[in-house]
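Here is a walk through one protein model, going from the overall picture down to single residues. Have the sequence and the 3D view open while you read.

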Amino acid sequence: MPKSQFNNLLADSISTLKSTTFTPNLMAFIASLVNYDCAVILGLRTDKHPIYLYDSIENNRELLFDRYLTSAFQDDPFYKMLTTDEQQGVFSLKDVAKRDMDYQTYCNQFYLQTGWKDELSILIKVEATRWVVIYLGRTHTSNPFSLSDVEMLNSYFSVIQSLCQQHWKQTEFLLAEPVFSPESYSVKKRKFIEDGLHSFGKDFLSSREKQIARLILQGLDTKEIAKQLGITEGTVKNHRKRIYAQLKVSSLSELFQIFLNHIITH
């Protein structure tokens, strides 16, 4: 790749920091370093479910949402390594296998079904209890990631790390923006969920309560919501109690259940 084109890709990543187009530009920059067939970016927080930030998967994409983000992530060897060692860097599936970790269940129940044949993971610590994980996948057995691919990413790790830290530091992880063309089925599904989030509770909740309900449904806890909205945790708790009372629910699981019912019937 010409140096000018490479510099332009890096410049695009820098210029779109804190914007919704950052992640596609970041992945275009990474693609200029190493070829990959598909990618996923997740936000990880201590003792909480991952938050989806980006993907470029086109086949079996429902597995990411229906299985990985709900339960299969706990068996992900890269996730287990991160929670054990909290080590930043670029890691291959071979690196994980060398640690003698039990990843056979994950491979059999999820990994093989996605069509991914090999995988690299870039682990980046954004803040004390928050990480960004970039997964790169290849779907052909004849084209696994090589040592030179790992070395290339390692040589630019500090750049990728800095970009991710600047974009996500002191900013809560929120659901990603669409990454496919407006006509695609994936974007239609995304818009369907977004419409559901915005219309959820409209006949029962105030504007502030609807705002807080949306953040709860995106996985933020009381402390994170307070930080996001610039209000006290006590205020968030009071709003949360009223949301539960107005919607006649007594737990987070019940709130998610009526939200699912809402988007299905919306």
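## The whole chain

Of the protein's 266 residues, 45% count as buried, where buried means under 20% relative accessible area, exposed means over 50%, and partly exposed is in between (1.4 Å probe, protein chains only). The accessible surface adds up to about 13,700 Å², and 50% of that belongs to carbon and sulfur atoms; these areas come from the Shrake-Rupley method with a 1.4 Å probe, and for residues only the protein chains shown count as cover. There are 13 helices and five strands, taken as DSSP runs (H or I of at least four residues for helices, E of at least two for strands) and numbered from the N terminus. Among contacts with a separation of 6 or more, 62% are between residues 24 or more positions apart, a contact being heavy atoms within 4.5 Å.

## How far to trust it

This is a predicted model, so to speak of local features takes a pLDDT of at least 70, and side-chain atom pairs count only at pLDDT 80 or more, while totals for chains, interfaces and linings use all residues. Residues are numbered from 1 along each chain as its sequence is written, and side-chain values use heavy atoms, with hydrogens and water left out.

The mean pLDDT is 82, and 83% of the residues reach 70 or more; pLDDT is the predictor's confidence in each residue, from 0 to 100. Residues 177–183 are a weak spot, with pLDDT below 50, though this stretch has 17 contacts in the model beyond near neighbours in sequence. Where pLDDT is low, the predicted coordinates should not be read in detail.

## Strand S1 and its partners

Strand S1 (residues 38–45) is largely enclosed by the rest of the structure, because eight of its eight residues are buried. In a regular strand the side chains alternate between the two faces of the sheet. Here Cys38, Val40, Leu42 and Leu44 point one way, Ala39, Ile41, Gly43 and Arg45 point the other way, and all are buried.

Which strands does S1 pair with? Eight bridges join S1 to S5 (residues 130–138) in an antiparallel arrangement, with Ala39 bridged to Leu136. S1 also pairs with S2 (residues 51–55), again antiparallel, over four bridges, and there Ile41 stands opposite Tyr54. Pairing calls for at least two DSSP bridges between the strands. S1 and S2 make a hairpin with five residues between them, and Asp47 in the turn has a positive phi of about 60°.

## Aromatic pairs

A search of the whole structure turns up seven aromatic pairs. Rings of Phe, Tyr and Trp (its six-membered ring) pair if their centres lie within 6.5 Å, with planes under 30 degrees apart counted as stacked, over 60 as edge-to-face and the rest as tilted. Phe22 and Trp168 are edge-to-face, since their ring centres are 5.7 Å apart and their planes sit at 80°. This pair links distant parts of the chain: Phe22 is in helix H2 (residues 22–31) and Trp168 in helix H8 (residues 157–168), 146 residues apart. Both Phe22 and Trp168 are buried.

Phe29 and Tyr156 make another edge-to-face pair, at 6.4 Å centre to centre and 85° between the planes. Phe29 lies in H2 and Tyr156 in the loop between helix H7 (147–155) and H8, so the pair ties together parts 127 residues apart in sequence. Phe29 is buried at 0% relative accessibility, whereas Tyr156 is partly exposed at 26%. Phe6 joins Phe29 and Tyr156 in one aromatic cluster.

## Helix H4 and a polar contact on S4

In helix H4 (residues 77–85), Pro77, Phe78, Tyr79, Met81 and Leu82 are buried. Asp76 caps the N-terminal end of H4, with a side-chain oxygen 2.9 Å from the backbone nitrogen of Phe78. Just after H4 comes Glu86, with a positive phi of about 50°; Glu86 sits in the loop between H4 and strand S3 (89–92) and is partly exposed, with a relative accessible area of 47%.

Asp118 belongs to strand S4 (residues 118–127) and is buried at 10% relative accessibility. Its side chain reaches the backbone nitrogen of Phe145 at 2.8 Å. A polar contact is a pair of N or O atoms within 3.5 Å; within protein, one must be able to donate a hydrogen and the other to accept it, and residues adjacent in sequence count only if both atoms are side-chain atoms.
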